[in-house]
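Biologist: Let's go through this one together, and I'll keep asking how each label was earned. Could you show me the sequence and the model?

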Amino acid sequence: LAASDDFAASTSEPVCVNEIMRLAAFHPSDAAVQLEATKCLAALLSSPAFDAGLLVNTNAVESLLLAASRHTGSPSLVAAVHSCFLDLAKRSKPRRFYIAFEAALKRQESNAGVLGAASQALCVIFEGEAEDCESLLESGTVTQLMAGFQRHRKTEHVRQVMPELCDFLTLRARPAMHNLLLHRETHQLLVSVAEGYLYGNPALQSRQTRPEHQKEEQACVSAWLYDITAASRRIELAMGNLERPSTIGAIFRTLRRLYRSAKTWAEIATPNLVVFLMRAMAVSHGSLGEPLGEPAAALLADVLTHAEAHVTWSACGGGPEVSRRAFTLQWLAGDARQAFDNEILAFQQWRAGNFYPAARAFIAASDGYASLKARLPAEQCLRLVLEDHMRDVPLRSYAKSCTEHGRIIAEATASARTSEEIRLTDKSDDCPICLEALGPQECQLWKCEKCRNVAHVKCIHRWSQNQSSCPFCRHSMSASLASTTNGAYFRAYSIAQAAEAKLQDCKIDRKEFLISAVAHLWKSAARVGRALGVDETTLHSIYRRAENLELRSQQCSDGITATEVFNHEFVQEIQALAAREQDDSGNLGSACALIQAVATETCQRRCAVLAKQVVALRADVSKFMEQGRWKNAEEVLVLMGGKLSQILALAPQANFNPAETNKQVEVVTQLREQVHAKISRSSDQSQPFCELTLVPTEVILPFGTCLDKFRKHREPALHSLAALRAMIATARATQSIAEGTGREAETAKRATGAAKQLITVFLEDGFAPKVGACLTGDSGQSAAFLAASIFQELLSCGIEAKNVCFSQLDRIVVSAATVQSRSGGSELLACLCGLVHNIIFSGGLEDRMVRRLQREAAPRMAAALEEWFLDTVLVQNCAVELREDILQPRPVADVLPYGLDGAALSA
């Protein structure tokens with residue numbers, strides 16, 4: 001009857017519907033009866049002539065929810081109920097439907113099954129795109145659902161369906177829905193659900209793995225290992241007992257949307273959440289965890305990026321919530337610091353002989369000061385200080401002088417720079433005349449133009465007094481003697497000598513800076529000579545020569561002194577004004593707490609790896625002692641002591657009690673005493689090499705696998721890059737703040753140890769090649785920008801981090817050359833050229849440059865060591881056309897393409 005349109009049209013009163021509900025209520029536990037009743041309602045809804053409002057006005061909504069909750073084991077009945085709800089949502093008035101839904105939930109608030117059935121029904125409605133989020137929100141249905149979730153949060157069925165519903169609610173609904181969910185503290189409930197699925201039952205698992213029935217000494221080591229490997233064991237257990245990864249992924253997607261809508265970012269971004277996300281990413285490396293890998297990486301990247309923005313803002317003098325005046329002052333303070341840093345950099349580069357980078361930095365500083373002057377009120381004292389400095393230190397004029405000095409040095413050293421360098425293929429070759437070695441000595445060399453054989457210049461001159469032909473091929477050597485070639489050391493020596501000779505010209509403007517640059521050339525020659533084995537006496541004389549020139553260039557410190565006075569009277573003063581306007585360091589404290597939590601989890605995992613290595617070495621010591629290999633045992637005990645010392649150093653940051661580790665140190669000390677006694681009393685069976693038990697290497701940070709699978713899973717890799725960039729930038733900015741004074745400095749000092757540990761772990765895990773790989777190939781501009789930014793941040797994190805960036809220099813140059821050959825990559829090209837410029841000209845890497853130039857130097861077209869090295873790198877990577885872009889890179893807006901939705905993060 002219900003399938004008939006005539007019958008449906010005649011059902012204008014709810015009598016028929018009530019009769020169906022009454023007959024179904026006689027047999028609530030009979031799934032077949034409930035299924036037939038549901039089919040009747042579905043048949044009525046399928047007729048266009050039926051008024052769907054009749055079902056809403058009766059208790060049909062509640063009856064359907066009860067039927068689905070009582071018979072969850074009947075898929076056909078549950079599917080029929082869901083079909084009815086979907087049709088009902090499409091055909092009835094949304095407001096009336098959701099009011100009926102809310103009333104049913106309220107009457108059955110103590111029934112967890114009804115709550116689960118209602119959640120599933122709403123998910124079906126969302127999937128069918130039949131929802132009306134405004135009516136759903138106004139009816140109070142969501143409020144009733146959230147109250148029910150809190151009431152029945154320990155019920156398994158509710159925990160399974162709630163994340164999917166929240167995923168739909170945050171995906172389709174308005175910000176008002178997000179605010180409601182945040183107000184009901186849904187995010188905390190979601191985190192507890194995710195932790196339950198990820199960790200399972202840790203108490204039961206820990207009882208199964210705790211060591212028992214062992215000897216006292218072995219039990220002591222096992223107990224220490226068990227306690228110190230808690231972090232890694234937690235992840236290993238989660239990998240083996242992972243439940244419902246897709247549900248956890250839905251929770252992370254929901255939390256990410258709520259996080260972006262939260263009024264207070266620290267409301268969701270707690271230290272516990274960050275640690276949980278890192279563990280989830282570590283667990284997601286297996287195939288079972290792939291559904292949660294991307295959302296976990298995306299949420300972690302958002303949280304760390306937000307924390308980095310607050311720490312960087314504080315490092316620039318900003319505060320959490322500021323007035324318009326405070327914001328203006330902080331903006332001015334940041335620009336003043338940037339312009340001042342450019343001015344200091346320009347003076348450093350000028351004195352080092354890098355004239356074109358110095359000119360570029362002077363121009364950038366001049367433009368920065370001009371912008372500051374335009375924004376400062378005319379009557380303000382700070383503007384008067386700025387005007388005086390711009391008059392006393394003519395930056396534009398200095399830039400012109402830098403360019404002129406570069407031209408002067410280029411002309412003076414042209415012949416020395418363009419002479420051919422002799423590189424020996426075999427250092428054991430001897431001079432055919434004196435029979436002495438032709439290796440890296442300070443003796444000048446000669447090469448035949450025809451046969452290309454080499455001899456000492458002093459020997460070939462003696463030979464030429466009696467013979468006019470080459471001692472090898474008998475070719476006439478009258479022409480080749482006139483153009484004697486130089487080795488790398490003699491060429492550097494000749495360049496410095498030619499540049500110093502030019503100083504005799506009295507018409508050179510600002511000669512004191514040129515004198516300083518020549519002194520730097522002499523130091524570069526000494527570095528090359530040291531690498532090539534020149535004797536110390538000669539090197540000492542060169543260094544004395546450079547020191548004498550530096551004494552003559554003391555006048556150039558006048559401009560630097562004026563700059564330091566300006567720093568005290570203007571830059572620091574405007575930063576102090578901005579600091580007085582800010583409220584407090586609350587957001588900085590929250591951001592530092594996140595970094596400390598990441599560092600604590602990281603240090604715990606590092607300690608776990610070290611502890612496993614210690615236990616493996618302890619077994620090797622026992623084996624060697626049984627075999628009478630006492631010296632081998634002592635060598636391994638030294639390794640054990642070093643690893644235990646590392647654990648003790650990490651213990652404060654890892655929140656470990658060092659008492660048990662100290663006991664292990666005492667055991668190692670006692671064993672060494674025993675071994676020493678055995679060495680002196682008995683024969684030793686030690687072997688030249690120790691075969692040690694290998695412990696598998698573990699990557700501490702959870703981003704490595706995502707980067708390894710970049711081609712296959714692009715989105716998680718991009719989020720991992722963003723998280724790494726934010727983590728390193730936060731660590732760098734935290735150390736910068738800690739160097740200052742005030743409340744923020746005290747807050748940051750508590751996190752400096754954590755920041756250093758994060759940088760150390762990044763370097764030890766070998767992430768640099770993986771990040772560098774994202775610069776080349778088809779990785780895309782977003783990945784290349786993020787990778788370049790990571791290396792840019794590392795340059796400010798110590799000499800070890802600088803060396804890591806230097807190791808990726810060729811890859812960066814190749815990437816820049818590739819971008820230049822394409823269209824539409826001007827911003828990325830400027831970013832990469834600026835990175836190459838900073839790696840080469842930031843200082844501290846001169847020795848590595850010399851070692852590389854010793855092996856593979858290109859023809860020297862530049863006088864300064866850094867520019868010569870740049871030319872070598874460009875020639876080897878076929879990127880000579882990038883030279884001017886790298887020497888004078890144009891500024892790039894500090895905007896990184898972030899995320900996959902086209903949004904941009906501007907720090």
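Biologist: What makes you say that the charged end of lysine 770 sits over a ring, and which ring is it?

Modeller: One thing up front: this is a predicted model. The ring belongs to phenylalanine 767, and the charged end of lysine 770 is 5.5 Å from its centre. The distance cut-off is 6 Å, with a limit of 35 degrees from the ring normal as well, and the pair is listed as a charge over a ring.

Biologist: On to rings with rings. How many aromatic pairs are there?

Modeller: The count comes to 17 aromatic pairs. One of them joins tryptophan 350 and phenylalanine 362.

Biologist: Why is the pair of tryptophan 350 and phenylalanine 362 called edge-to-face?

Modeller: The centres are 5.6 Å apart and the planes stand at 90 degrees. A pair needs centres within 6.5 Å, and edge-to-face needs planes over 60 degrees apart, so both tests are passed. Tryptophan 350 is in helix α20 (residues 324–351) and phenylalanine 362 in helix α21 (residues 355–375), 12 residues apart. Both residues are buried.

Biologist: And what makes tyrosine 493 and tryptophan 522 an edge-to-face pair?

Modeller: Their ring centres are 5.1 Å apart and the planes meet at 80 degrees, so this pair is edge-to-face by the over-60 rule. Tyrosine 493 sits in helix α27 (residues 488–502) and tryptophan 522 in helix α28 (residues 511–531), so the contact ties together parts 29 residues apart in sequence.

Biologist: Are tyrosine 493 and tryptophan 522 buried or exposed?

Modeller: Buried means under 20% relative accessible area, and exposed means over 50%. Tyrosine 493 has 21%, so it falls in between and is called partly exposed. Tryptophan 522 has 0%, so that one is buried.

Biologist: Which residues form an aromatic cluster?

Modeller: Phe347, Trp350, Phe362, Tyr398 and Phe513 form one.

Biologist: Let's switch to charges. How many salt bridges does a search of the whole structure find?

Modeller: It finds 25.

Biologist: How do you know that arginine 107 and glutamate 62 form a salt bridge?

Modeller: Their closest N and O atoms are 2.7 Å apart. The cut-off is 4 Å, so the pair qualifies. Arginine 107 lies in helix α7 (residues 94–107) and glutamate 62 in helix α5 (residues 60–70), so the bridge ties together parts that are 45 residues apart in sequence.

Biologist: Why is arginine 107 called partly exposed, and why does glutamate 62 count as buried?

Modeller: Arginine 107 has a relative accessible area of 48%, which lies between the 20% and 50% limits, so partly exposed is the label. Glutamate 62 has 13%, under the 20% limit, so buried is right.

Biologist: What about arginine 253 and aspartate 167: what makes that a salt bridge?

Modeller: The N to O distance is 3.1 Å, so the 4 Å test is met. Arginine 253 is in helix α17 and aspartate 167 in helix α11 (residues 156–172), 86 residues apart. At 34%, arginine 253 counts as partly exposed, whereas aspartate 167, at 12%, is buried.

Biologist: How do you know that aspartate 367 and arginine 396 meet in a salt bridge?

Modeller: N to O is 2.4 Å, which means the 4 Å cut-off is satisfied. The bridge links helix α21, with aspartate 367, to helix α23 (residues 395–412), with arginine 396, across 29 residues. Aspartate 367 is partly exposed at 39%, and arginine 396 is partly exposed at 43%.

Biologist: Which residues are linked in a network of salt bridges?

Modeller: Glu867, Asp871, Arg883 and Glu884 are.

Biologist: One last residue: why does threonine 38 count as buried?

Modeller: Its relative accessibility is 3%, and the limit is 20%, so buried follows. Threonine 38 is found in helix α3 (residues 31–46). Leaving aside neighbours within four places in sequence, threonine 38 is in contact with Leu64, Leu77, Ala80, Val81 and Cys84.

How values were computed
Residues numbered from 1 in each chain as written. Predicted model: local features only at pLDDT ≥ 70, side-chain atom pairs only at ≥ 80, totals over all residues. Heavy atoms only, no water. Phe/Tyr/Trp six-rings, centres within 6.5 Å; stacked < 30°, edge-to-face > 60°. Helix = DSSP H or I, 4+ residues; strand = E, 2+ residues; numbered from the N terminus. Buried < 20%, exposed > 50% of the residue type's maximum accessible area, 1.4 Å probe, protein only. Salt bridge = Lys/Arg side-chain N within 4 Å of Asp/Glu carboxyl O. Contact = heavy atoms within 4.5 Å.
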